[in-house]
Amino acid sequence: MAAYHVVVVHFPIALWMTATIAIVWRALSDGPVAKAVDRALVPLLVLGLLSGLAALITGRLVWSWDAVSTTPMGRNHILLAVWTTAYWTLMLVTRMVQGEALWEGAGRWVMAALALLGSGLLGVTGTLGGHLAGIYTDLSKVLRMLGWEVHRTFYVPTSTLIG
């Protein structure tokens, strides 16, 4: 079953990274190609959401809750996978609600910055998942330099504790 999860996770990664490129492109350009790419954005984000949910479900089926929740890396991966899916869902809702008005004024730059932030979140989520599967990346070295040891540190940003 783990092999299915490994295959499935590549779909939301590819779709959300493509959505990032589409958003940044649209933020930088009002040309006809950029507008055409923007018309594909909602379907990209919908497919990303559906495949992200499939990745969450297959991940839950692969590892028992007891096994994955007892390690900091497992807890972080679950937490970030849910956050990433929720984040990109909000990007979808924002694009659907705002429509073309999103690309007027400062909204385009906010959307581009949010897309880049979402890609970073996606990268960290994938890095932790790769570690759980025994595939290590250089991003974990960057995280270590930032003070996050992915094998030992249960990371919860301080801002999530406010409330």
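User: Which helix gives the most to the lining of the largest pocket, and how should I read such a feature?

Analyst: This is a predicted model, in which local features need pLDDT of at least 70 and side-chain atom pairs count only at pLDDT 80 or more, while totals for chains, interfaces and linings use all residues. Residues are numbered from 1 along each chain as its sequence is written, and side-chain values use heavy atoms, with hydrogens and water left out. Rolling a probe the size of a water molecule over the atoms shows where empty space is left. Here helix 7 (helices being DSSP runs of H or I, at least four residues, numbered from the N terminus) gives the most to the lining of the largest pocket, with eight residues. On a 1 Å grid over the protein atoms alone, a pocket is an open set of points where a 1.4 Å probe fits, with protein on both sides within 12 Å along at least five of seven lines, and lining residues have an atom within 4 Å of a point.

User: Which residues lie nearest the centre of the largest pocket?

Analyst: Of the 33 lining residues, His5, Val9, His77, Thr125 and Gly129 lie nearest the centre. Helix 1 (2–8), helix 2 (10–28), helix 4 (41–62), helix 5 (65–69), helix 6 (72–98) and helix 7 (107–132) each supply at least two residues of this lining.

User: At what angle do helix 2 and helix 6 pack?

Analyst: Two packed helices are described by the angle between their axes and the distance between the axes. Helix 2 and helix 6 pack at about 35°, with their axes 12 Å apart; the axes are lines fitted to C-alpha atoms over the stretch in contact, and angles run from 0 to 180 degrees between N-to-C directions. In their contact (heavy atoms within 4.5 Å), Trp16, Ala19, Thr20 and Ile23 of helix 2 meet Thr84, Thr85, Trp88 and Met91 of helix 6. Helix 3 and helix 4 also pack at about 35°, with their axes 4 Å apart, and there Val37, Asp38 and Arg39 of helix 3 meet Leu41, Val42 and Pro43 of helix 4.

User: How many salt bridges are there?

Analyst: Side chains of opposite charge can pair when their charged atoms come close. The count comes to seven salt bridges, each a side-chain nitrogen of Lys or Arg within 4 Å of a carboxyl oxygen of Asp or Glu. One of them joins Arg95 and Asp38 at 2.8 Å, N to O. Arg95 lies in helix 6 and Asp38 in helix 3 (residues 32–39), so this pair ties together parts that are 57 residues apart in sequence.
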